[in-house]
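Good morning, and thank you for the time on today's agenda. I should like to take you through one protein model, beginning with a single residue and moving outward from there.

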Amino acid sequence: MLIVVDPSSGVPVFRQVMDQVRFHIASGLLVGGDELPATRALSAKLGVNPMTISKAYNLLERDGILERRPGKPLVVAALDPAQIALERTEQLGTSLTEAVRVARQLGFDVDEALTIYRELLEGAPEEEEP
């Protein structure tokens, strides 16, 4: 599992970690039962305070995304297909929000913007998420 944080992005690091874990689940990279890196190991790898990772993990656990097992590593909860579909929809919506803002600022109407989006979906080769 690849997690990359940018401390200067303006988005809190714990939120970046949460968003990336959710993205990995939505994309199928992480599935129910997959173990997450230990808090200390991930914090050392990212160069952040362990409490930052702990906060992200605790919030994901509260949301039912992760499961804590006493004495064992934290794992991705077994999510039903409807929950995964909702995560995928939310991820796409979040990603498209900036594109919508730009399209409006550039004066594209809905049909023009949808045509461009459709062309990109149909013609662009699939790229890997960093």
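Let us begin with Glu61, which has a relative accessibility of 28% and therefore counts as partly exposed. Please keep in mind throughout that this is a predicted model. The partner of Glu61 is Arg68: the two form a salt bridge, with their closest N and O atoms 3.0 Å apart. Arg68 has a relative accessibility of 44%, so Arg68 is also classed as partly exposed. Elsewhere, salt bridges with shared partners link Arg22, Arg62, Asp63 and Glu87 into one network.

How many salt bridges does a search of the whole structure find? The count is seven. Two more of them deserve a few words.

One joins the side chains of Arg15 and Asp19, at 3.9 Å from N to O. These residues are four apart in helix H1, residues 13-26, which means that about one helical turn separates them. Arg15 counts as partly exposed because its relative accessibility is 33%, and Asp19, at 34%, is partly exposed as well.

The other pairs Arg69 with Glu35, where the closest N and O atoms are 3.7 Å apart. Arg69 sits in the loop between strand S1 (66-67) and strand S2 (75-76), while Glu35 sits in the loop between H1 and helix H2 (39-46), so this bridge ties together parts that lie 34 residues apart in sequence. With 27% relative accessibility, Arg69 is partly exposed.

Let me now step back to the overall fold. The protein chain has five helices and two strands, and along the sequence they follow the pattern α-α-α-β-β-α-α. Taken along the principal axes, the C-alpha atoms fill a box of roughly 55 × 35 × 25 Å. Of the 130 residues in the chain, 26% are buried.

Turning to the interior, which residues of the largest nonpolar core touch the most other members? They are Val17, Val21, Leu46 and Leu66, in a core of 24 residues. At least two residues of this core come from each of H1, H2 and helix H3 (50-62). H1 supplies the largest share, namely six residues.

The outside of the model has a nonpolar feature of its own. Val102, Leu106, Phe108, Ile116 and Leu120 make a nonpolar surface patch of about 440 Å². Within that group, Phe108 is placed in the loop between H4 and helix H5 (110-123). The relative accessibility of Phe108 is 35%, and Phe108 is therefore partly exposed.

On the aromatic side, how many aromatic pairs does a search of the whole structure find? The result is zero. There is, however, a charge placed over a ring: Lys55 lies over the face of Phe14, at 4.1 Å from the ring centre.

My last residue is Thr94, located in helix H4, residues 81-105. Is Thr94 buried or exposed? Its relative accessible area is 60%, and since exposed means over 50%, Thr94 is exposed. As for distances, Thr94 and Gly33 are 61 residues apart in sequence, and their C-alpha atoms are 26 Å apart in space.

That concludes the tour, and I shall gladly take your questions.

Technical notes: Residues are numbered from 1 along each chain as its sequence is written. This is a predicted model: local features need pLDDT of at least 70, side-chain atom pairs count only at pLDDT 80 or more; totals for chains, interfaces and linings use all residues. Side-chain values use heavy atoms; hydrogens and water are left out. Rings of Phe, Tyr and Trp (its six-membered ring) pair if their centres lie within 6.5 Å; planes under 30 degrees apart count as stacked, over 60 as edge-to-face and the rest as tilted. A charge sits over a ring if NZ of Lys or CZ of Arg is within 6 Å of the ring centre and within 35 degrees of the ring normal. Buried means under 20% relative accessible area, exposed over 50%, partly exposed in between (1.4 Å probe, protein chains only). Patches are made of residues with over 30% relative accessible area and no salt bridge: like charges are joined within 9 Å, nonpolar side chains (Val, Leu, Ile, Met, Phe, Trp, Tyr) within 5 Å. Accessible areas come from the Shrake-Rupley method with a 1.4 Å probe; for residues, only the protein chains shown count as cover. A salt bridge is a side-chain nitrogen of Lys or Arg within 4 Å of a carboxyl oxygen of Asp or Glu. A nonpolar core is a set of buried Ala, Val, Leu, Ile, Met, Phe, Trp, Tyr and Cys residues joined through side-chain atoms within 4.5 Å.
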